[in-house]
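Here is a short tour of one protein model, written for someone at the bench. Let's look at its surface, its overall build and its interior.

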Amino acid sequence: MGGYEADALTLVRVCPESIASLTLVCPFNLPAQAFRPLHARLLLVHGDRGPGAASVRRTFATLREAKELIMRDYCCR
C-alpha cells in the first residue's frame, strides 16, 4: 500500500470523526478493519478487472455499509 491509500489510512486512524465522506479510487490491499469506523461514509470506485479487482471485492464485503461504484470493463493498475 502506498500513495494516497497510506495518506487516507493515516487520516482515518488519526481523526475519523472529522471525515464527512471518503472516496477511494482503485484501492488495492486496504486494511478493511481500519476503515470500519467510516464504512457508511466510504465509497470505493474500482474496475472489474485487473490485479486488484478481487482484493477490492474482499475489502468491500467486510465493509457492509460502504458504497461501491464498479467501472465495467476497466482495469485498475
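The accessible surface of the protein comes to about 4,600 Å² (Shrake-Rupley method, 1.4 Å probe), and carbon and sulfur atoms account for 54% of that surface. This is a predicted model, in which local features need pLDDT of at least 70 and side-chain atom pairs count only at pLDDT 80 or more, while totals for chains, interfaces and linings use all residues. Residues are numbered from 1 along each chain as its sequence is written, and side-chain values use heavy atoms, leaving out hydrogens and water.

Three helices and three strands (DSSP runs of H or I with at least four residues, and of E with at least two, numbered from the N terminus) make up the list of elements. From the N terminus on, their order is α-β-α-β-α-β. The radius of gyration, taken over C-alpha atoms, is 12 Å, close to the 11 Å from the globule rule (2.2 Å times the number of residues to the power 0.38), so the protein is as compact as a globular protein of 77 residues.

Buried residues (under 20% relative accessible area, 1.4 Å probe, protein chains only) make up 38% of the 77 residues. The largest nonpolar core, a set of buried Ala, Val, Leu, Ile, Met, Phe, Trp, Tyr and Cys residues joined through side-chain atoms within 4.5 Å, has 15 residues. These elements each give two or more residues to this core:

| Element | Residues |
|---|---|
| α1 | 4-14 |
| β1 | 22-25 |
| α2 | 32-35 |
| β2 | 42-49 |

In strand β2 sits H46, which is buried with a relative accessible area of 1%. Beyond four places in sequence, contacts of H46 (heavy atoms within 4.5 Å) include C26, P27, V56 and C76.

Conventions:
Buried < 20%, exposed > 50% of the residue type's maximum accessible area, 1.4 Å probe, protein only.
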